[in-house]
Amino acid sequence: TLADENGKILDPIDVGIDESNKAKSEGKELVIALTHIVVNFDKKLAKESSNIYLIVGGHSHTRLDKEIYVKNKLNKRVPIVQAASHGLVVGSLYVDLKDDGTLEVVEYKLTDIKSPLPEDPSIVNFVNEVDEKRNQLFNGKFNEIIGFSEIKLSGYEEGHAVLKKSCWGKHMAKMAADATGADVGIHLAFFEVLFLYYRIHLL
């Protein structure tokens, strides 16, 4: 877990080390860390660990066309890989776990997903079904325009992140305070970008 019983966010490096040590103590031969903490912290995790053999990273959207190696506490090289962002690249990785406990990357490559790609009928049907269920949930089309403003927004605008102060941001902070009865309302455009991104791309 990344939080304790009081909701305090724990250090991901400490959690990764604890979980890898636990897995190793349970007899796992190969421990792979699937992270979402950016490449620099992946490097730190590898350096401070003893039982992580491979790190497949995320969050920083870094395109690593070649694996990065960092030596861990046992002086073993830990490979780190990451395949950019938004499904635009697919990573392929083959590894060999040696008898001495070291991990060798046999082959690693990134393949760009180039458009246009032929449609898969089953995926098209799935997307249409999900879209219809979403419309039913909102009692209408999810992307229906219900208002228009010429004021520049913070958050997500025409597919691009907009991180700046705005009139809407101030109103959202006030609404948050009013809705919760708090003395102070805070609007963080960066988190709005993340929220809207996942609403747009994952629903």
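# Elements, cores and helix faces

Author: From the N terminus on, the elements of this protein run α-β-α-β-β-β-β-β-α-β-β-α-α. That comes to five helices and eight strands. The model is a predicted one: local features need pLDDT of at least 70 and side-chain atom pairs pLDDT 80 or more, while totals for chains, interfaces and linings use all residues. Residues are numbered from 1 along each chain as its sequence is written, and side-chain values use heavy atoms, with hydrogens and water left out.

Reader: What makes a stretch of chain a helix or a strand here?
Author: Both are DSSP runs, numbered from the N terminus: a helix is a run of H or I with at least four residues, and a strand is a run of E with at least two. Helix α4, for instance, covers residues 167–180 and has 14 residues.

Reader: How do you know whether the length of α4 agrees with what is expected of a helix?
Author: The expected span is 1.5 Å times one less than the number of residues. For the 14 residues of α4 that gives 20 Å, and its end C-alpha atoms are 20 Å apart, so the two agree. Helix α1 also has 14 residues, and there too a span of 20 Å is expected and 20 Å is found between the end C-alpha atoms, which agrees. Helix α3 (residues 121–137) has 17 residues; 24 Å is expected and its end C-alpha atoms are 24 Å apart, so this helix passes the check as well.

Reader: Why is N72 called buried or exposed?
Author: It depends on relative accessible area: under 20% is buried, over 50% is exposed and anything in between is partly exposed (1.4 Å probe, protein chains only). N72 has 7% relative accessibility, so it counts as buried. N72 lies in the loop between β3 and β4. L74 lies in that loop between β3 and β4 too, but with a relative accessible area of 48% L74 is partly exposed. Over the protein, 26% of the 203 residues count as buried.

Reader: What does N72 touch, and what makes something a contact?
Author: Contact means heavy atoms within 4.5 Å. Not counting residues up to four places away in sequence, N72 touches A46, K47, S49, S50, I52 and V78. Seen from the other side, A46 is in contact with I55, V70, K71, N72, V78 and I80, again leaving aside neighbours within four places.

Reader: What makes a group of residues a nonpolar core, and how many residues has the largest one?
Author: A nonpolar core is a set of buried Ala, Val, Leu, Ile, Met, Phe, Trp, Tyr and Cys residues joined through side-chain atoms within 4.5 Å. The largest has 17 residues, and those with the most contacts inside it are L45, A46, I52, I55, I80 and Y108. The elements giving two or more residues to this core are α1 (12–25), α2 (39–48), β4 (77–81) and β6 (103–112). A second, separate core has five residues, including V31, Y53, L54 and L103.

Reader: Which residues of α1 are buried, and what covers them?
Author: The buried residues of α1 are I13, V15, G16, I17, S20 and A23. What covers them includes α2.

Reader: How do you know where the buried residues of α4 lie around the helix?
Author: In α4, G169, A173 and A177 are buried. Taking the directions from the helix axis to the C-beta atoms, these buried residues fall within an arc of 75°, so they line one face of α4. The face turned away from that side carries the exposed residues K174, D178 and A179.

Reader: Why is the phi of H59 worth pointing out?
Author: Most residues other than glycine have a negative phi. H59 is not a glycine, and its phi is positive, near 85°. H59 lies in the loop between β2 (54–56) and β3 (68–71), and at 37% relative accessibility it counts as partly exposed. A84 is another non-glycine with a positive phi, of about 55°; it is found in the loop between β4 and β5 (89–97).

Reader: What makes you say that R77 lies over the ring of Y69?
Author: A charge sits over a ring if NZ of Lys or CZ of Arg is within 6 Å of the ring centre and within 35 degrees of the ring normal. R77 is at 3.8 Å from the ring centre of Y69 and lies over its face.
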